[in-house]
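This report describes one protein chain, from its overall composition to a single helix and a surface patch. The sequence and structure are shown below.

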Amino acid sequence: MGGEPRKPTLIESMACGGLAAAFAVNFTHPIELVKTRMQASGGSVGGTVSAVMKNEGLLSFWKGLPFAYGRELSYTSIKLGACKLYIMFVHMICTILQRIDFALYLYCNECCCVLYSCFILIYV
């Protein structure tokens, strides 16, 4: 098997990104639940966690998980797909215009798009 590995298509990239985000929700959803309950009650982290455990049980930390899956499968897939489309656009414009100054401008914007996506995936 020589040669370069095949690059994923736009749809494959979007699907993989959405599935990865949905998998990550399993670990971040309990944190989001505690954060939201703290905002509503004004309590502390420890107090909120112990109140949820005492009143609702361990599995309540994952209440609403199907909705979080739906959000991540759609939101992250579209966001990552938009960045991939932008990268394709950059390469097309640079090929057509063959101008290095314009190419550098577009590549800087491409880096901003990728950094923005990483920021959103981590902090939102």
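A residue is called buried under 20% relative accessible area, exposed over 50% and partly exposed in between (1.4 Å probe, protein chains only). The model is predicted, so local features need pLDDT of at least 70 and side-chain atom pairs pLDDT 80 or more, whereas totals for chains, interfaces and linings use all residues. Residues are numbered from 1 along each chain as its sequence is written, and side-chain values use heavy atoms, without hydrogens and water.

Overall values of the chain are as follows.

| Property | Value |
|---|---|
| Buried share of the 124 residues | 24% |
| Exposed area | about 8800 Å² |
| Carbon and sulfur share of the exposed area | 73% |

Areas come from the Shrake-Rupley method with a 1.4 Å probe. The chain has four helices and zero strands; helices (H or I, at least four residues) and strands (E, at least two) are DSSP runs, numbered from the N terminus.

Helix α2 covers residues 45–56. Its end C-alpha atoms are 16 Å apart, in agreement with the 16 Å expected for twelve residues at 1.5 Å a residue; the expected span is 1.5 Å times one less than the number of residues. S44 caps the N-terminal end of α2, with a side-chain oxygen 3.1 Å from the backbone nitrogen of G47. Just after α2, G57 adopts a positive phi of about 95 degrees.

V45, in α2, is partly exposed at 49% relative accessibility. V45 also contributes, with V49, M53, L58, L59 and W62, to a nonpolar surface patch of about 560 Å².

Terms used:
Patch = residues over 30% accessible without salt bridge, like charges linked within 9 Å, V, L, I, M, F, W, Y side chains within 5 Å. Salt bridge = Lys/Arg side-chain N within 4 Å of Asp/Glu carboxyl O. Polar contact = N/O pair within 3.5 Å; in protein donor to acceptor, adjacent residues only side chain to side chain.
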